[in-house]
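Q: Please take one part of this model and look at it closely. Start from a single helix, say what lies around it, and then work outwards to the rest of both chains.

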Amino acid sequence: MSELWEAFKTAIHLLVTFDPEVVQIAWRSLWIAATSCAVCVVICIPLGNLIHFSRFRGKGLLISVIQTLYSMPTVAVGLIVFMLFRRSGPIGPLGLLFTPGVMVIGQIVLVTPVMLGLVISALSGIDKSIIETATSLGASRMQAYRICTREAKFAVMTAVIIGFGRAISEVGLSSMVGGNIEGYTRTLTTAIPLETGKGNFPLALALGIVLIFLAFLINIALYMLQHRRTWTRLFVWFQS
Amino acid sequence: MVPIIETKDLGQTYERHQVLKDISLKIERGDFLAIIGPTGVGKTTLIRLLDLLEKPSSGQIYFDGIDVTRSGKSRLKARRRMALVQQKPTVFDMSVFSNVACGLKFRHEKKLVVRDKVEHMLELVGMREYRNRNARTLSGGEMQRVAIARALVTEPEVLFLDEPTANLDPTSVAKIEGILARIIGERKSALLMTTHDMAQGQRLAGKIGVLINGEILQIGTPSEIFFSPANMQVAEFVGIENILPGTISGKENELAIISINGVKIQAITGHAEGEAVYIMVRPEDIVFTPSRDVSSARNVFSGEIRSMSSVGPLVRVEVDCGFPLLGVMTMASSQEMGLTIGRVIYASFKATAVHVIKRF
């Protein structure tokens, strides 16, 4: 127990002194997840609108497939991306394997179905009259989609936050395609098992605390969106 | 000059149910056409087709001479020259100002232009003090005024109004009619309004089309529609309750004698002697008197009162003159004359008040 307490105290020390290694790993995790999430937003919001507002054969089946991919194992995505980007793979000549770039690509593959499915579901709560009104006011298809997304902003933001959560917390994909290279592709989720294996509990714990803190922030953001809370009300929520 | 909107044999079918059939219309710039008809006959579908929100199952739509029936690009361009005010206005979850500005932003208007036009329009519809309020918090009448401002601010060449005052209280209806009347006076836009309120169509529109069971049965001036309906269905819809079958038994120039159950009625008509016809007399054209007064009316009949019923300040009186004749009079007149069921009175109407159509 005392060992755990000591490890915890050292971890806190690493955090409050902004230990360069902790900061570097946390920052890398954040920007990789944020980049993949941003690309997913650009893909999923227009595509979600297009799928939701179009009428075509097989639409129900497509949505079912998207929803099935929510639970796609990260190692399975990792395996596919690895095979595509390995030296002898079809995209191998780009030389992206074991780089942050391929980690971003892998996370996009992983997050897209979740975000897309949730955007479609968010838009299904929007009255059909919204897109018709926008169209009759002279909106182009993209302008009408923007209005609908704005109307569903809370649910769409929830989709984005959940997508970000999935990206930052995945392990299998990052370790398979990133290679967990120190100072280059090492992220919070790949560093924690490595440092634990090495017996470096204070660093593993410090990284774990950062990850938990990020998860906490994500949950607060979700709670606020679902309850449409403002920052001023958040204080009251903390007290309650 | 090319009509701003023209349709040729326009039809719409939903799951084998034909909602509209063979609609051929021409709307010129400056026209105000009201489409009247009972609920559920396809008025909204027609407006949705003309506003290019739906594609028709058959027929063509031309906007300013260009076929916009199917092509996506030409439809967007045409749509940006039109505007629609729906029966149940949908406002976006944003301020009144932003709602009204939407159409202009879609057209990539400059910020300053947007601000000036929106402020002017909010002033016109009397919503300036609500500019920063979320449009979702407004009452039905206020939302409809926002919807009208939002449509008008784009200065459309064609404005569609789909039952714009349905479900509103009389005060809101009066306000909205006032706004519309002002626009009609100021602008050269073409207006097409659907309504089931015949009186509203008569008050506002220059031309009326009667849509029944998916077909336009008659288009004409309000007086043509209300006093010379083209057929039984139109007559029934516009409130002509005395529709009687007869035969023209004699004719002298335009004056015809029409036999109905052996009773002779005089009417002005172009139909020939021997033709089977329907005669139509509006209840408000019938004058009831207690005795046979001297009047210019060619048709005077005595009859026994069969029924009486009050409708607001009026009384509907049905008299058996050898054929049933329904008329209306004020409550005060009815009390003054001491009308009761069973009493014999005189009903008179002019030959010119009788509208005659051919019976097939």
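**One helix and its surroundings**

A: The buried residues of helix α3 in chain B pack against three helices: α7 of chain A, and α4 (111-124) and α5 (140-152) of chain B. The model is predicted: local features need pLDDT of at least 70, side-chain atom pairs count only at pLDDT 80 or more, and totals for chains, interfaces and linings use all residues. Residues are numbered from 1 along each chain as its sequence is written, while chains are lettered from A and ligands numbered from 1 in the order in which they are written.

Helix α3 of chain B covers residues 96-106, and 9 of its 11 residues are buried (20 or more other C-beta atoms, placed from the backbone, within 10 Å of the residue's own; 12 or fewer is exposed, in between is partly exposed). Helices are DSSP runs of H or I with at least four residues, strands are runs of E with at least two, and both are numbered from the N terminus. The buried set of α3(B) includes Val96(B), Phe97(B), Asn99(B) and Val100(B). Further along, Ala101(B), Cys102(B), Gly103(B), Leu104(B) and Phe106(B) are also buried. Just past the end of α3(B), His108(B) has a positive phi of about 60°.

Val100(B) leads from the helix into a nonpolar core (buried Ala, Val, Leu, Ile, Met, Phe, Trp, Tyr and Cys residues joined through C-beta atoms within 7 Å). The largest such core has 141 residues, and those touching the most other members are Met115(A), Val119(A), Val100(B), Ala149(B) and Ile279(B). Helix α5 of chain A (residues 100-123) gives the most to this core, with 15 residues. A second, separate core has 14 residues, among them Leu188(A), Leu205(A), Leu207(A) and Val210(A). Ala149(B) touches Val100(B), and its other partners include Met121(B), Leu122(B) and Leu124(B), leaving aside residues up to four places away in sequence. A contact here requires C-beta atoms, placed from the backbone, within 7 Å.

On the chain A side, α7(A) has a packing partner of its own. Helix α2 of chain A (residues 20-53) meets α7(A) at an angle of about 100°, with the axes 10 Å apart (axes are lines fitted to C-alpha atoms over the stretch in contact, and angles run from 0 to 180 degrees between N-to-C directions). That angle makes α2(A) roughly perpendicular to α7(A) (65 to 115 degrees; under 35 is roughly parallel, over 145 roughly antiparallel, the rest oblique). From α2(A) come Ile45(A), Pro46(A) and Asn49(A), and from α7(A) come Tyr145(A), Cys148(A) and Thr149(A). By class, this contact has 4 nonpolar, 2 polar and no charged residues (Ala, Val, Leu, Ile, Met, Phe, Trp, Tyr, Cys and Pro are nonpolar, Asp, Glu, Lys and Arg are charged, and the others, Gly among them, are polar).

Where the chains meet, 14 residues of chain A are in contact with 15 of chain B. Helices α6 (128-136) and α7 (141-151) of chain A each supply at least two residues to the chain A side. The most come from α6(A), which gives 6 residues. That side divides into 4 nonpolar, 7 polar and 3 charged residues.

Chain B also has strands. An open sheet of 6 strands runs in the order β6-β7-β8-β3-β9-β10, with mixed pairing; two strands pair if DSSP finds at least two bridges between them. Strands β6 (82-85) and β10 (215-220) of chain B stand at the edges, each with a single partner strand, so one side of each has no neighbour in the sheet. The twist from one strand to the next averages 15°. Within the sheet, β3 (residues 32-36) and β8 (residues 190-195) of chain B pair in the parallel sense over 5 bridges. Ile36(B) has Thr195(B) of β8(B) as its bridge partner. Strands β1 (residues 5-14) and β2 (residues 17-27) of chain B run antiparallel, joined by 7 bridges. They form a hairpin with 2 residues between them, where Glu15(B) in the turn has a positive phi of about 45°.

Now the two chains as wholes. Chain B has 10 helices and 20 strands, and 39% of its 360 residues are buried. Chain A has 12 helices and 0 strands, with 38% of its 240 residues buried.

Terms used
Two residues are in contact if their C-beta atoms, placed from the backbone, lie within 7 Å.
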